[in-house]
Amino acid sequence: MDRRDEIAASLTAVSGRIDAACRAAGRPRDEVRLLAVTKTFPATDAALLTDLGVTGLAENRDQEAAAKAREVARLRPEAGVRWHMVGRLQRNKARSVARWAAEVQSVDSLRLVDALAGAVRTARDAGERDAPMDVLLQTSLDDDPARGGCPVDGLGRLAEAVARESDVLHLRGLMAVAPLGADPEPAFERLARAAEALRRDHPGATEISAGMTGDLEQAIGYGSTCVRVGTALLGGRGLASPQHG
Ligand SMILES: *Cc1c(COP(=O)(O)O)cnc(C)c1O
């Protein structure tokens, strides 16, 4: 099988899983978008995904993503790819991310909000981007600071900070990664409640980004609007690139 057929078959399987999970949850299929996580895979794979109609692509490291986004733009100039940053982001990378990402799902600190807002303004003034940055607040579901994410009780303050930068940042919702080695369902339920609370003050923040290769069904069951799938689409990444890295 060539790589294109291989990815097409994986995409059919993943789409089938999302369809079935939506049916099981009694939710319309168009409430859930699929992001293909292309980290560690070459730009040619990303290009093949766009040929198959997948234009929401996600990366977790600025340096790899910036180069890949340039390469995919060269390979498929008409594809209309939308790039998403889903990994831990250092403030000194905000300027670069503002050049390639349409959306950052891993915003978890006030300092990062400041840095991103400044970076988007600079990019806008330099003519490098027009659109504001869509922002999701990464939510810690295990209260382990080492794994990133804002604790649930800090989300309100963080959301207010993003809302104050509304000329350059658009608050769209929450993102989370389920705790390692535990049943994801209680975590996704907690995330759903946090998202509901956020919507009371920020009605436009309707997105819940949750669910990966191993747990997308459970996430859709608890209201996910965005699943981020790498392994099930493109294959294993090997030991050099940990699952949650
Ligand atoms: C790598 C990664 C994914 C995709 O994980 P898979 O298990 O390969 O589907 C999703 N979200 C984030 C934040 C990631 O870093």
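How far is an oxygen atom of the ligand from an N or O atom in the side chain of T231? Keep that question in mind during the tour; the stop at the ligand answers it.

**Stop 1: the whole protein**

Start with everything shown. This is a predicted model. Colour by secondary structure, and you should find 9 helices and 9 strands. The radius of gyration is 17 Å, close to the 18 Å that the globule rule gives for 245 residues, so the protein is as compact as a globular protein of that length. Turn the C-alpha trace along its principal axes: the spans are about 50 × 45 × 35 Å.

**Stop 2: the ligand**

Select the ligand next, together with the residues around it. There are 11 of these residues, and K39, T213, G230, T231 and R237 come nearest. Colour this shell by class to see 4 nonpolar, 4 polar and 3 charged residues.

Now show the side chains of T231, R237 and R228, one after another. In T231, an N or O atom of the side chain is 2.6 Å from an oxygen atom of the ligand, which settles the opening question. In R237, a polar side-chain atom lies 2.8 Å from a ligand oxygen atom. For R228, the partner is a nitrogen atom of the ligand, 2.9 Å from an N or O atom in the side chain. Then switch on the surface. The ligand taken alone exposes 390 Å², and the protein buries 97% of that.

**Stop 3: the second largest pocket**

Select A69, R70, W83, R99 and W100. Among the 15 residues that line the second largest pocket, these five lie nearest its centre. Three elements each give two or more residues to the lining: α3 (62-75), β3 (82-85) and α4 (94-100). Highlight α3, as the largest share, 5 residues, comes from this helix.

The space in this pocket is about 290 Å³. Finally, colour the lining by class: 9 residues are nonpolar, 2 are polar and 4 are charged.

Conventions: Residues numbered from 1 in each chain as written. Predicted model: local features only at pLDDT ≥ 70, side-chain atom pairs only at ≥ 80, totals over all residues. Heavy atoms only, no water. 1 Å grid on protein atoms, 1.4 Å probe; cavity = no way out; pocket = protein on both sides within 12 Å on 5 of 7 lines; lining within 4 Å. Points joined across faces, edges and corners; volume = space filled by probe spheres on them. Helix = DSSP H or I, 4+ residues; strand = E, 2+ residues; numbered from the N terminus. Nonpolar A, V, L, I, M, F, W, Y, C, P; charged D, E, K, R; others polar. Near = heavy atom within 4 Å. Polar contact = N/O pair within 3.5 Å; in protein donor to acceptor, adjacent residues only side chain to side chain. Areas by Shrake-Rupley, 256 points an atom, 1.4 Å probe, with all protein chains shown as cover. Rg over C-alpha atoms; globule rule 2.2 N^0.38 Å.
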